[in-house]
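Reader: I'd like to walk through this one with you, feature by feature. Could you give me the general idea each time and then the case at hand?

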Amino acid sequence: MLLRLAEHINNNLPFLKGKKLLIAISGGVDSVVLTHLLYQLKFNISLAHCNFQLRGEESDLDEIFINDLGKELSLNTYTIQFKTNEYAKRHKLSTQLAARKLRYDWFNELAREHDFDYILTAHHADDNLETFLINLTRGTGLEGLTGIPTVNGNIVRPLLIFSREEIKNFAITNAIQWREDASNSETKYLRNKIRHQIIPTLKEVNPSLLNSFIKTNEFLKQSQQIVNDKIKETSPEVLINKGDVIKIDIKKILSFSNPKAYLYQILKEYKFTEWDDVYDLIYAQSGKKVSTNFYTLLKDRDFLLLLRTNKNSSSENERVIIYKENTQIVSPINLLFKNVQKKTRTDINTIYVDKNLLNYPLILRKWEKGDYFYPTGMMGKKKLSKYFKDEKISVFDKKNIWLLCSDDNEIIWIIGKRQDRRFLSSNSTTQLLRITI
């Protein structure tokens, strides 16, 4: 097993060599064996153990065992105790999800603090099979069927090529001590139920189940790579990056053989879950949207617009008051106000107004339904909703537009877009106010 791991690292994980590695160790046979193997291969390793305080004295004995192992092998050992049940209740998480978040947050904190290059976990082939079956029962795409990745960012799992039986036999043969977690034999958790009830039945049908799964898993990963390559190739044809907004060309998506599959592959990293609703946006009216905690996808004519959801953004009703003596405001946008005698620059970020026509204080606000203005270069007035439509300004962009208004709520400037002609100077002797973004 030692030679197989060394060969596996040489061929598939060469980046681990010479790096500073942190092993996430529970005290179970898999993580203890991983520690001994890498110690014998002379890797630069340290240990990190979480005491979740879920099994009373047994949890404390696990922690003592890990500290003793660290001393025996002269390894730096980090331990921490969590009040997991309290954390789960406070954050409305299951105990398992709470423990997962606590441990990975702490592992990453240790990595930053002590400059560890990679965090190693002791997941093995049986864990991978269990994950495959869990995802299969819940419903999943191709990614879920490829199981646990060997490398995921700074998380590396070197033992995925080994079975639980191989690991345990190695420990017994080499007189390696480990701790048994009695909760692993319980079947109240889905993973344990699959481990102790479903997989044994499947192995009666196929005694070589694990080997068959490993081969199938490799085929699935190869298929996933083909999909990834195809999406990487086609994405530039579909996506238009406009700063904070990503535009998805609907006509291009619909030209593909399976638009729904392409849309899923393009958007999967943005954590949408209601995929039927996402796909239905293609045929929805402009303005319809689907949101997650982090992203919003909105239909806007011939495009789907993807924007990060900012729950801390300013209210649409926010108003900023600007007094006559103000020469600058910096939030929510940066505006400069300066008295001048003549126009010296002309661009969309600068306007000149007749100071005598202004009613102070000025107001900075978002647009509202029913707003209208008198655009420069045009006759009559125009509703902002019509102006936005004519200018093909998206719903997302409209939300980011600010209006500068006089105290009587007359619009002076759609900032960065168009000035209102009512505030233009009528003669050359008028004192001008230059307003600049």
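Author: Happy to. Start with the domain assignment, which splits the protein chain into domain 1 (1-219), domain 2 (243-308) and domain 3 (319-436). Keep in mind that this is a predicted model.

Reader: How far apart are the C-alpha centres of domain 1 and domain 3?

Author: They lie 61 Å apart. For a residue-level view of the separation, take Lys-343, in the loop between strand E14 (335-340) and strand E15 (350-354). Its C-alpha atom is 69 Å from that of Asn-10, and the two residues are 333 residues apart along the chain. Leaving out residues up to four places away in sequence, Lys-343 touches Tyr-352 and Leu-432.

Reader: Now the interior. How should I read a nonpolar core, and which residues of the largest one touch the most other members?

Author: The general idea is that nonpolar side chains tend to be buried together in soluble globular proteins. Here the largest nonpolar core has 31 residues, and those touching the most other members are Leu-16, Ile-23, Leu-38, Leu-120 and Leu-159. Elements giving two or more residues to this core include helix H1 (2-12), strand E1 (20-24), helix H2 (29-40), strand E4 (118-120) and helix H8 (164-173). H2 supplies the largest share, 6 residues.

Reader: Ile-23 is on that list, so to speak. What does Ile-23 touch beyond residues up to four places away in sequence?

Author: Ser-31, Leu-34, Thr-35, Leu-38, Ile-45, Ser-46, Leu-47, Ala-48 and Leu-120. There's also a second, separate core of 22 residues, and among its members are Val-238, Tyr-262, Ile-282 and Leu-306.

Reader: How do I read the sides of a helix? Say, which residues of H1 are buried?

Author: The trick is to ask where the buried residues point around the axis. In H1 they are Leu-5, Ala-6, His-8 and Ile-9. Those residues span an arc of only 160° around the axis, so they sit on the same side of H1. Leu-3 and Asn-11, on the other side of H1, are exposed. As for what covers the buried residues of H1, H2 is part of the answer.

Reader: And aromatic pairs? What should I look at, and how many are there?

Author: Describing a pair of aromatic rings takes the distance of the centres and the angle of the planes. The count here comes to 15 aromatic pairs. Take Phe-15 and Tyr-118: their ring centres are 5.2 Å apart and their planes are at 50°, so the pair is tilted. Phe-15 is in the loop between H1 and E1 while Tyr-118 is in strand E4, so this pair ties together parts 103 residues apart in sequence.

Reader: Are those two rings' residues buried or exposed?

Author: Phe-15 counts as partly exposed, at 28% relative accessibility, whereas Tyr-118 is buried, with a relative accessible area of 18%. Another tilted pair is Trp-106 and Phe-107, with centres 5.9 Å apart and planes at 40°; both Trp-106 and Phe-107 are buried. Ring pairs can also chain together: Trp-367, Phe-373, Tyr-387 and Phe-388 are linked into a cluster.

Reader: Last one, cysteines. How many disulfides does a search of the whole structure find?

Author: It finds 0 disulfides. For cysteines, look at burial as well. Cys-50 counts as buried at 10% relative accessibility, and Cys-405 counts as buried at 0%.

Technical notes
Residues numbered from 1 in each chain as written. Predicted model: local features only at pLDDT ≥ 70, side-chain atom pairs only at ≥ 80, totals over all residues. Heavy atoms only, no water. Core = buried A, V, L, I, M, F, W, Y, C linked by side-chain atoms within 4.5 Å. Buried < 20%, exposed > 50% of the residue type's maximum accessible area, 1.4 Å probe, protein only. Helix = DSSP H or I, 4+ residues; strand = E, 2+ residues; numbered from the N terminus. Contact = heavy atoms within 4.5 Å. Disulfide = S-S within 2.5 Å. Domains from an automatic or database assignment. Arc of directions from axis to C-beta. Phe/Tyr/Trp six-rings, centres within 6.5 Å; stacked < 30°, edge-to-face > 60°.
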